[in-house]
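Here is a friendly walk through one protein model, going from its sheet to its helices, its interior and a few backbone details. Keep the structure open beside the text as you read.

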Amino acid sequence: MNSLSHRFCVAPMMDWTDSPCRVLHRCLTRQALLYTEMVTAEAVVHGDRARLLGFDGREHPVALQLGGSDPARMAQASRIAADFGYDEINLNVGCPSDRVQSGRFGACLMREPMLVAECVAAMRTAVSIPVTVKCRIGVDDQDPEQSLRALIDACAAAGVSVFAVHARKAWLEGLSPKENRDVPPLDYELVYRVKRERPHLTILVNGGIETLEQAADHLRHVDGVMLGRAAYHNPMLLAQVDARFFGGAPVDVDAAVEAYAEYVAQRLAQGSRLHPLIKPLLGLYHGQPGARLFRRHLSEQAPREGAGIAVLREALSFVKQREAA
Ligand SMILES: Cc1cc2nc3c(=O)[nH]c(=O)nc-3n(C[C@H](O)[C@H](O)[C@H](O)COP(=O)(O)O)c2cc1C
């Protein structure tokens, strides 16, 4: 039984949705489901697990995204991840980079729905937490009307009930991963139709959602939305998610920022450097008075040797002064 809500999710993003970023997002919303960066099953099995999988208890609910296509390896990696305490394991069937293709996983698996189904079946046998799939609508010359349904139906037959669909095809040749996030065009209607045809499945739409108004529009057609770049570049929008989409209490932004500052202080005391802790904050006051000074102060001062919590406190004073003025 899946008790996690997928109504509002923050997408997996390599180099961006690391643990500090997720802690910041969690300070701003108690309800959104947060996804990690993709980690390959091979890395989980052979690599430094504490570094790859370690996370902060306050991130819950948090889903680990795995990449891979060997069912036994995927099962092994899922078991290890479940032992770390993740709330869900998500399989990446959407990432188009060359590195990922050569390992035969990510978006190229849109061509191999039966193999994906074998993977999720093995993963589901290995763990009791939900196993979900993030996919594209198709790749290259595939007909998305067929490729999306084929992938979803194969995985649903293997017991998966939650799908996050990045509503555009991926081009595996000739476009960089970055270009693949903006072209070819999005086809939200296809995702809506697939949801209507399969009402028992939980379908999330992803891709190009920039505002909470747009998110609310999508929610008239599907069960959930997944925001990537908008959540990262403008994390403040997360502060309205609980009240708007979950009937929860409005989040006090100052208290949320203070909670994150306390987390930063704790991590510094444990020996972390300031810079990686500051990175997810840079977009925080996006568009507000004092934001440029805030950002500049952090960008210039945080990378310096020995930079401490005072750098963050000073930066916050720029936005606070402007607010008070
Ligand atoms: C910097 C960056 C890294 C990404 N890394 C991943 C990843 O590890 N796994 C994945 O499934 N998608 C990844 N994506 C794709 C996003 O999850 C999302 O599908 C895509 O950005 C479209 O959503 P958006 O328009 O809301 O950003 C990444 C996107 C960005 C911008």
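## Strands, helices and core

Cysteine 9 stands opposite leucine 33 in β2. That is a good place to begin, in a model that is predicted. The pairing of β1 with β2 is parallel and spans 2 bridges. Between them comes a helix: β1, α1 and β2 form a right-handed β-α-β unit.

Moving along, β2 and β3 also run parallel, joined by 5 bridges. Here valine 39 has leucine 66 of β3 opposite it. Strand β2 is mostly covered, with 7 of its 8 residues buried.

Now step back to see the whole sheet. The 8 strands make a closed barrel in the order β1-β2-β3-β4-β5-β6-β7-β8, with parallel pairing. On average, neighbouring strands of this sheet are turned by 25° against each other, direction ignored. Helix α1 (residues 19-28) packs on the sheet, where it touches β1 (8-10), β2 (33-40) and β3. The direction of α1 makes about 170° with that of β2.

Further round, strand β6 (residues 162-166) pairs with strand β7 (residues 202-206) in the parallel sense, over 5 bridges. Phenylalanine 163 is the residue that stands opposite isoleucine 203 in β7. Helix α7 (residues 144-157) lies across β4, β5 (131-135), β6 and β7, and runs at about 160° to β6.

### Helix α4 and its cover

Helix α4 covers residues 71-84, which makes 14 residues. From first C-alpha to last, α4 reaches 20 Å, close to the 20 Å expected at 1.5 Å a residue. Which residues of α4 are buried? They are Pro71, Met74, Ala75, Ala77, Ser78, Ile80 and Ala81. For the spacing in such a list, it helps to recall that an α-helix has 3.6 residues a turn, so residues three or four places apart point the same way.

The cover over the buried residues of α4 includes α2 (41-46), α3 (49-53), β3 (62-67), β4 (88-93) and α6 (113-126). After α4 comes glycine 85, whose phi is positive, near 105°.

### Inside the fold

The largest nonpolar core holds 105 residues, and Phe8 and Val133 are those with the most contacts inside it. Leaving aside residues up to four places away in sequence, valine 133 touches Asn90, Leu91, Val93, Val120, Leu151, Cys155, Val160, Val162, Phe163 and Ala164. One of these, Phe163, has already appeared opposite isoleucine 203. There is also a second, separate core of 10 residues, including Leu4, Cys9, Ala63 and Leu204. Cys9 is familiar too, as the partner of leucine 33 in the opening pair.

### Backbone details in the loops

Most residues other than glycine have a negative phi, and most peptide bonds are trans. The table gathers places in this model that depart from those habits, each with its loop.

| Site | Backbone feature | Loop |
|---|---|---|
| Histidine 60 to proline 61 | cis, omega near -10° | proline 61: between α3 and β3 |
| Valine 183 to proline 184 | cis, omega near -15° | proline 184: between β6 and α8 (188-197) |
| Aspartate 15 | positive phi of about 70° | between β1 and α1 |
| Aspartate 140 | positive phi of about 45° | between β5 and α7 |

Are the two aspartates buried or exposed? Aspartate 15 is exposed, because its relative accessible area is 55%, over the 50% cut-off. Aspartate 140 has 14% relative accessibility and therefore counts as buried, the limit being under 20%.

One more loop residue deserves a look. Serine 272 sits in the loop between α12 (253-269) and α13 (274-278). With a relative accessible area of 21%, serine 272 is partly exposed. Not counting residues up to four places away in sequence, serine 272 touches Arg267 and Leu277.

Key: Residues numbered from 1 in each chain as written. Predicted model: local features only at pLDDT ≥ 70, side-chain atom pairs only at ≥ 80, totals over all residues. Heavy atoms only, no water. Helix = DSSP H or I, 4+ residues; strand = E, 2+ residues; numbered from the N terminus. Expected span 1.5 Å × (residues − 1). Buried < 20%, exposed > 50% of the residue type's maximum accessible area, 1.4 Å probe, protein only. Contact = heavy atoms within 4.5 Å. Pairing = 2+ DSSP bridges. Axes fitted to C-alpha atoms, helices over the stretch in contact; angles between N-to-C directions. Core = buried A, V, L, I, M, F, W, Y, C linked by side-chain atoms within 4.5 Å. Right-handed = clockwise from strand over helix to strand, strands pointing away.
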